[in-house]
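Take a look at the model below. The walk-through covers a pocket and a helix pair.

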Amino acid sequence: MSTPHKSRRSDYAEATRLAIVESARLLFSLKGYFATTVEEIAAEARVAPTTVYAVGGGKQGLLRTLVDIWSQAPIVAASMDELDSYTDPDELLRQLSAVTRSMRESFGDIMRILIATAPHNEDAAEGLAIGTRRYRDALATVAAHLHKIGGTHPNMTVDQATGILWFYFGYSGYFTLVDDNGWSYDRAEPWLAHQAIMALRAP
């Protein structure tokens with residue numbers, strides 16, 4: 001008889017945690033990290049401010065949680081698991097562009113929160129560094145596979161290929177085309193893939 005009670009309590013605790021995290025994410029995006037207070041997060045999540053500290057670790061803890069949500073999203077692991085199945089470099093780069101688009105549509109707000117906050121906050125800077133390292137490591141793995149299957153110029157190193165992939169699929173690619181230039185994702189996705197294909201094969 002105790003199992004259902006524990007399950008309900010566990011479900012409530014997780015629902016509370018998610019409400020706090022989503023409230024922080026919304027308010028950080030709308031108002032900025034510094035302008036958002038714990039009290040506002042609590043009000044948005046319909047909990048007490050003490051609960052935000054106890055469950056979310058305050059603003060700093062919530063920021064770290066957002067880093068993990070973005071940089072450890074299941075789509076990243078799934079994409080890495082499928083990497084060895086690609087033998088056509090063009091197909092792989094089109095898939096990379098599609099996955100990057102999905103990540104940007106789902107987590108672009110978190111990336112922007114960290115990029116905007118990092119220059120002025122040590123916790124945000126550390127979080128951005130962690131996320132960036134995970135991001136670049138994933139692209140380095142893709143670059144190594146592209147090198148293996150002939151998707152790069154014969155004289156190009158894996159490090160050089162990683163730099164090219166970061167140029168097109170790091171933070172700035174989709175942000176520049178979609179947010180700054182007003183392109184649709186449907187237009188930006190194939191364009192970035194094509195440009196990366198050409199750049200990786202250039203002498």
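Which element gives the largest share of the lining of the largest pocket? That element is α6, with eight residues. Keep in mind that this is a predicted model.

Start with the pocket itself. The largest pocket has a volume of about 350 Å³. Its lining counts 23 residues, and those closest to the centre are Val76, Met80, Leu96, Val99 and Ala138. Four elements each give two or more residues to this lining: α4, α5 (74–82), α6 (89–117) and α7 (122–148). By class, the lining splits into 15 nonpolar, five polar and three charged residues.

Now follow α4 away from the pocket to its contact with α3. Helix α3 spans residues 49–56, and helix α4 spans residues 58–71. Their axes lie 8 Å apart, and the two helices pack at an angle of about 45 degrees. How are α3 and α4 oriented to each other? Angles under 35 degrees count as roughly parallel, and 65 to 115 as roughly perpendicular. The angle of about 45 degrees fits neither range, so the pair is oblique. The crossing of α3 past α4 is left-handed.

Which residues make the contact? From α3 come Val52, Tyr53 and Gly56. From α4 come Gly58, Gly61 and Leu62. By class, this contact of α3 with α4 holds three nonpolar and three polar residues, with no charged ones. The glycines fall in the polar group because Gly is counted there.

So α4 appears in both parts of the picture: it gives two or more residues to the pocket lining, and it packs with α3.

Note on methods: Residues numbered from 1 in each chain as written. Predicted model: local features only at pLDDT ≥ 70, side-chain atom pairs only at ≥ 80, totals over all residues. Heavy atoms only, no water. Axes fitted to C-alpha atoms, helices over the stretch in contact; angles between N-to-C directions. Parallel < 35°, antiparallel > 145°, perpendicular 65-115°, else oblique. Left-handed = near helix turned anticlockwise from the far one by under 90°. Contact = heavy atoms within 4.5 Å. 1 Å grid on protein atoms, 1.4 Å probe; cavity = no way out; pocket = protein on both sides within 12 Å on 5 of 7 lines; lining within 4 Å. Points joined across faces, edges and corners; volume = space filled by probe spheres on them.
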